[in-house]
Amino acid sequence: LTKLNEFESELEDAQQILKTCRELYDEAATFHEMATQLWSFIYYWVQKKTSWALMRVRDIDAEQLRSSITKIKQKVTDEISANPVFMDHAQNLLEELYEQINTVVHVNGFIMKLRDESLRPRHWEEILRILGVVDNNSQPLTIQIVMDKKLTAHS
């Protein structure tokens, strides 16, 4: 009878360990799924940012860009709200992502000013001369140049 009691006690301990292992496995699987979603989203962001960076400022539909950025920023906010574990494990990454998004938002505001219909070619020439940049077919002014030269400081 003593052996049977010891066996039942060991069996209960083993069942508790198995339950804990299952819970840890479920948490790990959930975290893996969330991390995969986050990396997928970051890849998407990098692709979008890269394509925007190469666009010529004069050819950009600033309103469409603003709308896209707003949707991306909302998606990040929603993901963080829905999965607070992201903040525990990827806070630096998410902060960098927000910083990049906010930089593009700021650059887009600058671009919207440059795309103002009241600007005439002579205004463009004067702005580019003051900023010390070129914008022609062989050397177009792109968002990347705007960011690299920190031209938004002039807006």
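**Entry 1: Ile 69**

I began with Ile 69, which counts as buried at 2% relative accessibility. The model I am reading is a predicted one. I located Ile 69 in helix H2. I then listed its contacts, leaving aside neighbours within four places in sequence, and found Trp 52, Ile 101, Val 104, Val 105 and Asn 108. I also checked Ile 69 against Arg 115: the two are 46 residues apart in sequence, and their C-alpha atoms lie 18 Å apart in space.

**Entry 2: the chain as a whole**

I next turned to the secondary structure. I counted five helices and zero strands in the chain. Read from the N terminus, the elements run α-α-α-α-α.

I looked up the overall dimensions. The C-alpha trace spans about 100 × 25 × 20 Å along its principal axes. I noted a radius of gyration of 26 Å for the chain, whereas a compact globule of 155 residues would have one near 15 Å.

I recorded the surface as well. The chain exposes about 10800 Å², and carbon and sulfur atoms supply 54% of that area. Of the 155 residues, 26% count as buried. I took the charges next: the mean positions of the 18 positive and 24 negative charges are 15 Å apart.

For the contacts, I considered pairs of residues at least 6 apart in sequence; 70% of these contacts join residues at least 24 apart.

**Entry 3: the largest nonpolar core**

Which residues touch the most other members of the largest nonpolar core? I found these to be Trp 52, Leu 97, Leu 141 and Ile 143, in a core of 30 residues. I then asked which elements give two or more residues to this core. They are helix H1 (2–53), helix H2 (62–82), helix H3 (85–114), helix H4 (121–131) and helix H5 (143–148). H3 gives the largest share, eight residues. I add a general remark: in soluble globular proteins, nonpolar side chains tend to be buried together.

I followed one of the core residues further. Not counting residues up to four places away in sequence, Ile 143 touches Trp 52, Ala 53, Met 55, Val 57, Ile 60, Leu 65, Val 107 and Ile 111.

**Entry 4: Val 107**

I went on to Val 107, having seen it among the contacts of Ile 143. Val 107 is found in helix H3. Is Val 107 buried or exposed? I record it as buried, because its relative accessibility is 3% and the cut-off for buried is under 20%. With residues up to four places away in sequence not counted, Val 107 touches Ile 143, Val 146, Met 147 and Thr 152. I also noted its separation from Met 55: the two stand 52 residues apart along the chain, with 13 Å between their C-alpha atoms.

**Entry 5: Thr 142**

My last residue was Thr 142, which I placed in the loop between H4 and H5. Thr 142 is buried, and I noted a relative accessible area of 11%. What does Thr 142 contact, leaving aside its neighbours within four places in sequence? I listed Ala 53, Leu 54, Met 55, Arg 56 and Val 57. Of these, I had already met Ala 53, Met 55 and Val 57 among the contacts of Ile 143.

Key
Residues are numbered from 1 along each chain as its sequence is written. This is a predicted model: local features need pLDDT of at least 70, side-chain atom pairs count only at pLDDT 80 or more; totals for chains, interfaces and linings use all residues. Side-chain values use heavy atoms; hydrogens and water are left out. A nonpolar core is a set of buried Ala, Val, Leu, Ile, Met, Phe, Trp, Tyr and Cys residues joined through side-chain atoms within 4.5 Å. Buried means under 20% relative accessible area, exposed over 50%, partly exposed in between (1.4 Å probe, protein chains only). Helices (H or I, at least four residues) and strands (E, at least two) are DSSP runs, numbered from the N terminus. Contact means heavy atoms within 4.5 Å. The radius of gyration is taken over C-alpha atoms; the globule rule is 2.2 Å times the number of residues to the power 0.38. Accessible areas come from the Shrake-Rupley method with a 1.4 Å probe; for residues, only the protein chains shown count as cover. Lys and Arg count as positive and Asp and Glu as negative; His and the chain ends are not counted. The place of a charge is taken as NZ of Lys, CZ of Arg, CG of Asp or CD of Glu.
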